[in-house]
Amino acid sequence: MYFGLSLEGEALSERMSKEKPMIPGQKNRKGAKPRSPEWADGLKLLYDSVVDEPLPDSFAQLLDKLDDPSHG
Amino acid sequence: MLPRPAIDPVSFKRELTGVIPHLRAFARGLCGRPDLADDLVQETLLKAWAAQERFEPGTSMRAWTFVILRNAYLTDMRRNRFRADYDETVAERILVAPAAQEGPMHLSDMHRALLTLPPERREALLLVGAGGFSYEEAAQICGCAVGTIKSRVGRARAALTVMIESGQIPRRSTADAVAHTAIMGELDHTVLHGQQNARESGTLTRE
């Protein structure tokens with residue numbers, strides 16, 4: 001069964017194929033374990049989609065504030 | 001025992017800054033709502049900053065801060081901060097409402113499916129399947145045995161596979177109830193340790 005995933009309109013399968021070839025279950029040694037489910041790359045993409053988001057300024061501002069000794 | 005060598009503040013700040021995107025991704029996966037997830041990250045940064053002399057230079061800043069974030073999350077959960085706060089902001093990413101069986105699956109579907117998992121399995125799967133931590137690292141972050149992590153990841157994967165392959169991903173309208181009943185049921189069971197939340201749990205039980 002095939003599930004085309006999409007991120008903001010772009011099909012997940014296309015996005016993945018741009019980055020790297022999808023080899024389901026490649027992390028598992030041959031015959032050792034059942035191969036990764038087909039959605040496993042989607043989980044990684046879900047995580048990476050947040051990692052790749054531009055960082056709101058509030059975080060740098062917080063650290064700068066903490067780093068400023070004059071600011072208690 | 002010799003005191004640990006403290007990391008210099010400049011390096012600490014740089015490393016801490018470097019893991020913020022990962023903290024955001026982990027928090028988003030745990031609690032669903034982007035704004036609350038970012039609040040959680042801010043809280044984590046404050047705590048990490050205050051505890052910086054406890055960070056061992058050369059070890060993983062990401063793993064160290066994930067422990068802090070995880071503890072902050074569990075504390076907030078106990079205070080009901082995230083209760084009933086899951087809303088459709090995640091689901092708003094859906095561009096086309098997928099049909100259960102044949103439509104495209106979006107990242108928001110994946111996220112909603114993830115949010116229905118009990119928190120312990122969800123975080124285990126996030127750490128290993130999304131964050132790329134080894135079972136050993138994930139076990140350290142969660143403070144449990146490696147075998148426990150393997151078991152949680154296995155159960156999480158099995159549950160998601162069933163959900164996805166059968167097209168039983170909770171739709172937007174029911175995500176709330178399904179996710180929260182699952183999450184809070186598990187939390188009440190494992191985290192609250194006798195604290196009485198029967199009243200709130202009762203309100204979450206929907207027909």
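Two residues count as in contact here if their C-beta atoms, placed from the backbone, lie within 7 Å. Keep that cut-off handy for the exercises below, and remember that the model is a predicted one.

**Exercise 1. Find the partners of Val51(A), and say whether this residue is buried, partly exposed or exposed.**

Step 1: place the residue. Val51(A) sits in helix α2 of chain A.

Step 2: apply the contact cut-off. Once neighbours within four places in sequence are set aside, Val51(A) contacts Pro21(B), His22(B) and Ala25(B).

Step 3: count the surroundings. Val51(A) has 17 other C-beta atoms within 10 Å. Buried takes 20 or more and exposed takes 12 or fewer, so Val51(A) comes out as partly exposed.

**Exercise 2. Work out which elements of chain A build the side that touches chain B.**

Step 1: get an overview of chain A. This chain has three helices and two strands, and along the sequence they run β-β-α-α-α. Of its 72 residues, 21% count as buried.

Step 2: look at the totals. The contact between the chains involves 26 residues of chain A and 29 residues of chain B.

Step 3: assign the chain A residues to elements. At least two residues each come from β1 (5-7), α2 and α3 (57-67) of chain A. The largest share belongs to α2(A), with 10 residues.

Step 4: sort that side of chain A by class. You get 19 nonpolar, five polar and two charged residues.

**Exercise 3. Describe how α2(A) crosses α4(B), and list the residues that make the contact.**

Step 1: take the axes. Helix α2 (residues 40-51) of chain A and helix α4 (residues 107-115) of chain B have axes that come within 10 Å and cross at roughly 100°.

Step 2: classify the angle. Anything from 65 to 115 degrees counts as roughly perpendicular, so that is the label for α2(A) against α4(B).

Step 3: name the residues. From α2(A) you have Gly42(A), Leu43(A), Leu45(A), Leu46(A) and Ser49(A), and from α4(B) Leu107(B), Met110(B) and His111(B).

Step 4: tally the classes. This contact has five nonpolar and three polar residues, and no charged ones.

**Exercise 4. Treat α6(B) and α7(B) in the same manner: what is their arrangement, and which residues meet?**

Step 1: the axes of α6(B) and α7(B) come within 8 Å, with a crossing angle of roughly 105°.

Step 2: these two helices are therefore roughly perpendicular to each other.

Step 3: on the α6(B) side, Tyr135(B), Glu136(B), Ala138(B), Ala139(B) and Cys142(B) take part; they meet Val146(B), Thr148(B), Ile149(B) and Lys150(B) of α7(B).

Step 4: the class count for this contact is six nonpolar, one polar and two charged residues.

**Exercise 5. Locate the largest nonpolar core relative to the domains of chain B.**

Step 1: start with the layout of chain B. There are nine helices and one strand, in the order α-α-α-β-α-α-α-α-α-α. Buried residues are 40% of the 207 in this chain. Among its contacts with a separation of 6 or more, 66% join residues 24 or more positions apart.

Step 2: pick out the hubs. The core has 53 residues, and those touching the most other members are Phe26(B), Ala27(B), Leu40(B), Val41(B), Leu69(B) and Ala138(B).

Step 3: trace the contributors. Two or more residues come from α2 of chain A and from α1 (9-31), α2 (34-50), α3 (61-78), α4, α5 (119-130), α6 (135-142) and α7 (146-165) of chain B. The largest share, 10 residues, is from α1(B).

Step 4: bring in the domains. Domain 1 (1-82) and domain 2 (98-207) of chain B both give residues to the core, so the core lies between them.

**Exercise 6. Map the surroundings of Ala124(B), then step across to Ala138(B).**

Step 1: Ala124(B) belongs to helix α5 of chain B. It is buried, with 29 other C-beta atoms within 10 Å.

Step 2: beyond four places in sequence, Ala124(B) contacts Ala138(B), Cys142(B), Ile149(B), Arg152(B), Val153(B) and Ala156(B). For Val153(B), 29 residues away along the chain, the C-alpha separation from Ala124(B) is 5.6 Å.

Step 3: now take Ala138(B). With residues up to four places away left out, Ala138(B) touches Ala124(B), Leu127(B), Val128(B), Phe133(B) and Ile149(B).

Note on methods:
Residues numbered from 1 in each chain as written. Chains lettered and ligands numbered in written order. Predicted model: local features only at pLDDT ≥ 70, side-chain atom pairs only at ≥ 80, totals over all residues. Axes fitted to C-alpha atoms, helices over the stretch in contact; angles between N-to-C directions. Helix = DSSP H or I, 4+ residues; strand = E, 2+ residues; numbered from the N terminus. Parallel < 35°, antiparallel > 145°, perpendicular 65-115°, else oblique. Nonpolar A, V, L, I, M, F, W, Y, C, P; charged D, E, K, R; others polar. Core = buried A, V, L, I, M, F, W, Y, C linked by C-beta atoms within 7 Å. Domains from an automatic or database assignment.
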